[in-house]
Amino acid sequence: MNKFETVEAVAVPLEMPNIDTDQIIPARFLWRARSEGYGQLLFNDVREAGGFILDRPEYKGAEVIVADKNFGCGSSREHAVWALSDAGLKVVIAPSFGDIFFNNSFKNGFLPIVLPEQRCNELRAALARNPGAKVVVDLENQTVTGPIGVNDGYGQDSFDIDPFRKELLLQGVDDITFTLSQGEAITAFESRYLAETPWI
Amino acid sequence: MKTLFDKIWDRHTILVRPDGATLLHVGRHLIHDGSRAGFRALAAKGLPLRSPERTFGTPDHYVSTASHDVNAIPEPQRREMVTAMTENQKQHGFTMFGLGDKRQGIVHVIGPEQGITQPGLLMVCGDSHTATHGALGALAFGIGASEVSHVLATQTLWQSRKPKSMRITVDGTLPPGVTPKDVIIAIIARIGAAGGTGHVIEYAGEVFRAMSMEGRLTVCNMSIEAGARAGMVAPDETTYAYLQGRPYTPSGADWPKALDYWRKLPSDPGAIFDVEHRLNGAEMAPMATWGTSPEHAAPVTGHIPDPARAATAEQRGAYERALAYMDLKPGMRIDEIPIDRVFIGSCTNSRIEDLREAAAVAKGRTAKVPTMVVAGSGLVKLQAESEGLHTIFKQAGFDWREPGCSMCVGMNGDLVGAGEHCASTSNRNFVGRQGRGARTHLVSPAMAAAAAVTGHITDVRRLMAGEAA
Ligand code: SF4
């Protein structure tokens, strides 16, 4: 996993609420090997219908999505994060997320940011007024600034992130390594647990 | 004062970091043929499976429902998803119910059926519908592929913060023809598809107390469609009676000990929930979805809403997009929605009671549209056949198939055609879920059978009253 560095990149506003993981990556592609890459399949069916915002030239090279409520709801498929990440995206900002998608993101060096609904609406509106404008996502300082380079008065927001997740993202390490270092605590727990409920 | 959820969470907490991140012990880990990426990640790190005795699996997503010969899976890549599981089993030695074993089935059907799922356990599976197992009073989370590899390697799971708690109380008595599926769809229509986000739901009240174990499994299954992390029902005599004597349930001297532990699990009387909802079961009716989110649902006696009257601009947009995709008009009666195909199956509704419910409606009637019935496990299929349900289905022209996930998600090639309206007992009506351009209407097994024999969404209570199809 790569270290998560500050992102300064084009941001795409996605207006639909409840974007589910079946839309992000349709089920029929899930047997592909991770190494084949999923980027070209991101939003496959929506894109094939034509006119999808991510395909507009202004948004080429986008690394940030600003979405509406409940982004990534539905299936637990981590492929949804792989597809976003393989397509070059690094951050999704939304008022809320599907819980499993949210968890999956961090495991792939991908940052989901929760901002208040009102601020997400304002940010999407500002990006729609300035197509192709960039935003800055600074994980170290937990801020989103945007759109930059345009005089459009959106400004800056701070966001919350769990310190453990932040640390793993900034260091680019996964949590298995860390957990294995807690082996003694796990073993001690298990013997106690089994003594109490031996049938499990 | 603790909730059921608090009690299980606390009991499985190994350590809490100063920042609140909690390492939880996983009592039982369920895997399926889509869990391959987790094993690959394990191999890439050169790590062994930490607890084969706590790992149980079955192939379900990619298996053919025409035949359980693995070679019946036509595409090599899909076939490999199933054969890779067999190889992983050989290498790591977990318990597997493979193709050809009558215990094979949808992972969320076989967990309870085998007694692997038990009250007070923390369970995970790389599948969002893991919430199903909460029906027995377990805390069961769906997890992603990276988390699967973490559990395989460590038998633990990190949660950066504890989910909030929500209690949904449904009192009253359900009217005839109203099933557990209608209850959960009505709940989602009320609280919204994101209504449970970040929460663990406990279903409480007279309706769930009176509900069978199988009905509770249907309700908890769709907790994720309400956005929740998990759903649960406190264990009671119904739970214990269901579990006793199942293959992986405690037996002998362990049984009374287990009962003792289980009886302490229900939420303490004064326990506080972060959010409370109340619904009246007596007012519920058979439900159907008309749109592309499970919250787009209405009683079968109702109408498709007019986007112009939506509460917010955002909802209006969502309704308009949904109706365009579904090719339906505002104001249309729900029971006039035409149906081209019917699917009875999935981890939501493929247990024996579901099949009985569908067969009762199908009996003596004839399908007007292609209809597929897929039992949730080999054991459910055998039970149905011993009761003669398969004969009823076949006489009605329904297709009686081998167990698997099938048309719920179509990964095995059982797909709904573009533009077709499918009455489905599954759990998701998302755009493209059952196939590209497929239009899904979520209903109960009885309502699905009613749609099959009439060719449109039909109030099953009319057929129950003896009206001809
Ligand atoms: S039946 Fe459907 S929802 Fe259930 S596990 Fe299979 S694909 Fe997932």
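Biologist: What sign does phi have at A:Gly172, just after α6(A)?

Modeller: Positive, at about 65 degrees. This is a predicted model, where local features need pLDDT of at least 70, side-chain atom pairs count only at pLDDT 80 or more, and totals for chains, interfaces and linings use all residues. Residues are numbered from 1 along each chain as its sequence is written, chains are lettered from A and ligands numbered from 1 in the order in which they are written, and side-chain values use heavy atoms, with hydrogens and water left out.

Biologist: What makes a stretch a helix or a strand here?

Modeller: A DSSP run: H or I over at least four residues for a helix, E over at least two for a strand, numbered from the N terminus. Chain A has 8 helices and 7 strands. Chain B has 16 helices and 19 strands.

Biologist: Which residues of α6 in chain A are called buried?

Modeller: Buried means under 20% relative accessible area (exposed is over 50%, partly exposed in between; 1.4 Å probe, protein chains only). In α6, residues 163-171, A:Phe164, A:Arg165, A:Lys166, A:Leu168 and A:Leu169 are buried.

Biologist: What do the buried residues of α6(A) pack against?

Modeller: In chain A, α4 (99-106), β4 (111-114) and α7 (175-180). From chain B, β8 (156-159).

Biologist: Why is B:Ser146 called buried?

Modeller: Its relative accessible area is 19%, and the limit is under 20%, so B:Ser146 is buried. B:Ser146 lies in α5 of chain B, residues 145-154.

Biologist: Which residues does B:Ser146 touch?

Modeller: A contact needs heavy atoms within 4.5 Å. Leaving out residues up to four places away in sequence, B:Ser146 touches A:Glu78, A:Lys107 and A:Asn108.

Biologist: How do you know how many disulfides there are?

Modeller: A disulfide is a pair of cysteine sulfur atoms within 2.5 Å. By this rule the count over all chains is 0. For A:Cys73, the nearest cysteine sulfur belongs to B:Cys408, 15 Å away, and A:Cys73 is in no disulfide.

Biologist: Why do A:Cys73 and B:Cys405 count as buried?

Modeller: A:Cys73 has 11% relative accessibility, so it counts as buried. B:Cys405 has 8%, so B:Cys405 is buried too.

Biologist: What does the radius of gyration say about chain B?

Modeller: The radius is taken over C-alpha atoms, and the globule rule is 2.2 Å times the number of residues to the power 0.38. For 469 residues, a compact globule would have a radius near 23 Å; chain B has 21 Å, which agrees. The C-alpha box of chain B is roughly 55 × 55 × 45 Å along the principal axes.

Biologist: What share of each chain is buried?

Modeller: In chain B, 65% of the 469 residues. In chain A, 60% of the 200 residues.

Biologist: How many of the contacts in each chain join residues at least 24 apart?

Modeller: Contacts between residues at least 6 apart in sequence are the base; in chain B, 75% of them join residues at least 24 apart. In chain A the share is 66%.

Biologist: Which residues of α12 in chain B are buried?

Modeller: In α12, residues 352-362, they are B:Ile352, B:Asp354, B:Leu355, B:Ala358, B:Ala359, B:Val361 and B:Ala362. B:Gly364 follows α12(B), with a positive phi near 75 degrees.
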